[in-house]
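Visitor: I would like to go through this protein with you, one question at a time. Please show me the structure before we begin.

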Amino acid sequence: PEGGAMNVAQRMALSGAGAKDCVALQVEAGADGFVYAAVSLVAKSLNVGHASVAAVLKIRKADLQVVGVHKFDQSSNMAYSLAMDADFLYSGQYTYPGRIVKMAKDSMSVVSTLVLEKGQDDVRWIFKNQDSSSQRLFVLTNTAPGIVLEVDTAGAMKVLGSGQSLGTGYDHPLAGVAGDFDEDFLYAGTNTYPGRVVKVSK
């Protein structure tokens, strides 16, 4: 097929929602769906007594208007990764140790927070099949070496097993790929010199 047919359809400035930058996105299917954006906040957007530095915005796809927001508390710092299913949004937090926050998409309120073990820090990538019948969430920690964790998202969430180290020298994974296209493996890319790709059995 011929290329060159792409055009910018619409733009929005995150500053209108009190945000500085966007570090992760998730997008629902269909014209009536929503975009979820993990952002950091500018100081003037913070309420007195609220120590949040980051949030997740719920943005209507049809007109790119913000229709919901969840501001993280100070202990959760900010999210650098997002995943979702039909009912819930999941965020991986830049904290020590790392955290996974589960939010109800309709209200943008926190349902549960999973604090990882010591040394399982700074969650930079998470993945979940969008089918709500799947309750497996995969997590990469920005550590040396990197760690892959599997999380049961049912109820209050819990880590399954003890996790899998990527191995010595396979450090600081910042990118990952998983999905229905490969039922047996996920793939992680490391922030190393040279960079490395790791294939991990699910």
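Visitor: Leaving aside neighbours within four places in sequence, which residues is Val56 in contact with?

Guide: Bear in mind that this is a predicted model. Val56 is one of the residues with the most contacts inside the largest nonpolar core. Setting aside its neighbours within four places in sequence, Val56 is in contact with Tyr36, Ala37, Ala38, Gly68, Val69, His70, Phe72, Leu82, Leu89, Met103 and Met108.

Visitor: Which strand gives the largest share of this core?

Guide: The largest nonpolar core has 14 residues, and at least two of them are supplied by each of β2 (34-41), β3 (54-60), β5 (79-84) and β7 (99-104). The largest share, 3 residues, comes from β5.

Visitor: How many residues has the other core?

Guide: This other core lies apart from the one just described, and Ala83, Tyr90, Leu116 and Ile147 are among its members. Its residues come to 13.

Visitor: What radius of gyration does the protein have, and why does it agree with that of a compact globule?

Guide: The secondary structure comes to 0 helices and 15 strands, and the C-alpha trace spans about 55 × 45 × 35 Å along its principal axes. Because a compact globule with 202 residues would have a radius of gyration near 17 Å, the protein agrees with this expectation, its own value being 17 Å.

Visitor: What percentage of the residues in the protein is buried?

Guide: Here a residue counts as buried when its relative accessible area is under 20%. By that cut-off, the buried part of the 202 residues is 45%.

Technical notes: Residues are numbered from 1 along each chain as its sequence is written. This is a predicted model: local features need pLDDT of at least 70, side-chain atom pairs count only at pLDDT 80 or more; totals for chains, interfaces and linings use all residues. Side-chain values use heavy atoms; hydrogens and water are left out. A nonpolar core is a set of buried Ala, Val, Leu, Ile, Met, Phe, Trp, Tyr and Cys residues joined through side-chain atoms within 4.5 Å. Buried means under 20% relative accessible area, exposed over 50%, partly exposed in between (1.4 Å probe, protein chains only). Helices (H or I, at least four residues) and strands (E, at least two) are DSSP runs, numbered from the N terminus. Contact means heavy atoms within 4.5 Å. The radius of gyration is taken over C-alpha atoms; the globule rule is 2.2 Å times the number of residues to the power 0.38.
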